[in-house]
Amino acid sequence: MSTKKVLVAVIISLLFIINTNGQVTTIDSVATSKVQHFNFDDMPSETIGEGIKRKWFHGEKGQMTIFNLEKGAHIPWHKHPNEQITYIMSGKVKIKTIIDGKETIVEVGAGEVIVFPENVPHEFWALEKTVDLDVHVPVRQDWLTKELPDYLKKSK
C-alpha cells in the first residue's frame, strides 16, 4: 500500500475514533448500522464553479469529497460548522485562513494535510491542476440540499 493511501486511512480512522469518543462497538450497534460502499471512479463529477468539480458521499457522521481543481480555480472565503481535513493528493493550492488569530497565506502541496477547526474561515486558489481529498465532520448539511452555498455561487 502506498504511503499516501496509508496516510489517508490513518486520517479517516483517527477522525472517526475522535468523533465516537472511543465508544466500544457492540453486536447490537453493528446490527443496526448501515454499511455503505462507494467507488469514486464510478461516481459522476458535478461542476460547482469555474474549474471546480467534486464527487462526494456521506455516512451518518461524516463525509468525504474529491475535488478536481483546474489551475486558477478559486474557492472563495467561507466557513462552516464542520471540521475539515484537507489532503492534497496531487498539485498545489494557496490557502488563506486564520492561524493564531492572524490572517495567513499557506501553500499546501501533494502529500500534505491541513486541518480547519469548525468555523475557521478559509479560501483556496489552485496554483496548478490539483486533486484534493476533504473529510468533513459532521456531514455538511448545506450540501444535502443540492443547492450551492452562496460562497460557491461567487466562484462561477
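Analyst: A charge sits over a ring if NZ of Lys or CZ of Arg is within 6 Å of the ring centre and within 35 degrees of the ring normal. In this predicted model, K96 lies over the face of W77 at 4.7 Å from the ring centre.

User: What makes K94 and W125 another case of a residue over the face of a ring?

Analyst: K94 is at 5.0 Å from the ring centre of W125 and lies over its face. The limit on distance is 6 Å, so the 5.0 Å of K94 falls within it.

User: Why is K96 called buried or exposed?

Analyst: The relative accessible area of K96 is 18%. Buried means under 20%, so K96 counts as buried.

User: How do you know that K96 and E123 form a salt bridge?

Analyst: The closest N and O atoms of K96 and E123 are 3.4 Å apart. A salt bridge needs a side-chain nitrogen of Lys or Arg within 4 Å of a carboxyl oxygen of Asp or Glu, so the pair qualifies. K96 lies in strand β6 and E123 in strand β9 (residues 122-126), so their bridge ties together parts that are 27 residues apart in sequence. E123 is buried, as K96 is.

User: What makes K96, E103 and E123 a network?

Analyst: Salt bridges link K96, E103 and E123. The side chains of K96 and E103 meet at 3.9 Å, N to O, and the limit is 4 Å, so this pair also counts. E103 has 54% relative accessibility, and the line for exposed is over 50%, so E103 is called exposed.

User: How many salt bridges does the whole structure hold, by the search?

Analyst: The search finds five. Among them is the pair of E107 and K92, with closest N and O atoms 3.7 Å apart. E107 lies in strand β7 (residues 102-109) and K92 in strand β6 (residues 92-99), so this bridge joins parts that are 15 residues apart in sequence.

User: Why are E107 and K92 called partly exposed?

Analyst: E107 has a relative accessible area of 47%, and K92 has 31%. Partly exposed covers what lies between buried, under 20%, and exposed, over 50%, so both residues get that term.

User: What makes W56 and W143 an edge-to-face pair?

Analyst: The structure holds five aromatic pairs. In the pair of W56 and W143, the ring centres are 5.2 Å apart and the planes stand at 80°. Centres must lie within 6.5 Å, and planes over 60 degrees apart count as edge-to-face, so this pair meets both conditions. W56 lies in strand β2 (residues 52-58) and W143 in helix α3 (residues 141-144), so the pair ties together parts 87 residues apart in sequence. Both W56 and W143 are buried.

User: Why is the pair of F67 and W143 called edge-to-face?

Analyst: The ring centres of F67 and W143 are 6.2 Å apart and the planes are at 85°. The distance is within 6.5 Å and the angle is over 60 degrees, so the term applies. F67 is in strand β3 and W143 in helix α3, 76 residues apart, and the pair links these distant parts of the chain. F67 counts as buried at 5% relative accessibility, and W143 is buried at 2%. Elsewhere, ring pairs link F38, F40 and F57 into a cluster.

User: How do you know that the side chain of Q63 has a polar partner in the backbone nitrogen of R140?

Analyst: A polar atom of the Q63 side chain lies 2.7 Å from the backbone nitrogen of R140. The cut-off for a polar contact is 3.5 Å, so the distance is within the limit. Q63 belongs to strand β3 (residues 63-69) and counts as buried at 3% relative accessibility. Beyond its neighbours up to four places away in sequence, Q63 touches residues including W56, R140 and W143.

User: What makes strands β5 and β8 a pair?

Analyst: Strand β5 (residues 83-90) and β8 pair in the antiparallel sense over four bridges. At least two bridges are required, so the four are enough. T86 stands opposite I114 in β8. In strand β8 (residues 113-116), I114 and F116 form the covered face, while V113 and V115 form the uncovered one.

User: Why is G49 called buried or exposed?

Analyst: G49, in strand β1 (residues 46-49), has 4% relative accessibility, which is under 20%, so G49 is buried. The C-alpha atoms of G49 and L152 are separated by 6.5 Å, although the two residues are 103 residues apart along the chain.

Definitions and conventions
Residues are numbered from 1 along each chain as its sequence is written. This is a predicted model: local features need pLDDT of at least 70, side-chain atom pairs count only at pLDDT 80 or more; totals for chains, interfaces and linings use all residues. Side-chain values use heavy atoms; hydrogens and water are left out. Buried means under 20% relative accessible area, exposed over 50%, partly exposed in between (1.4 Å probe, protein chains only). A polar contact is a pair of N or O atoms within 3.5 Å; within protein, one must be able to donate a hydrogen and the other to accept it, and residues adjacent in sequence count only if both atoms are side-chain atoms. Contact means heavy atoms within 4.5 Å. Rings of Phe, Tyr and Trp (its six-membered ring) pair if their centres lie within 6.5 Å; planes under 30 degrees apart count as stacked, over 60 as edge-to-face and the rest as tilted.
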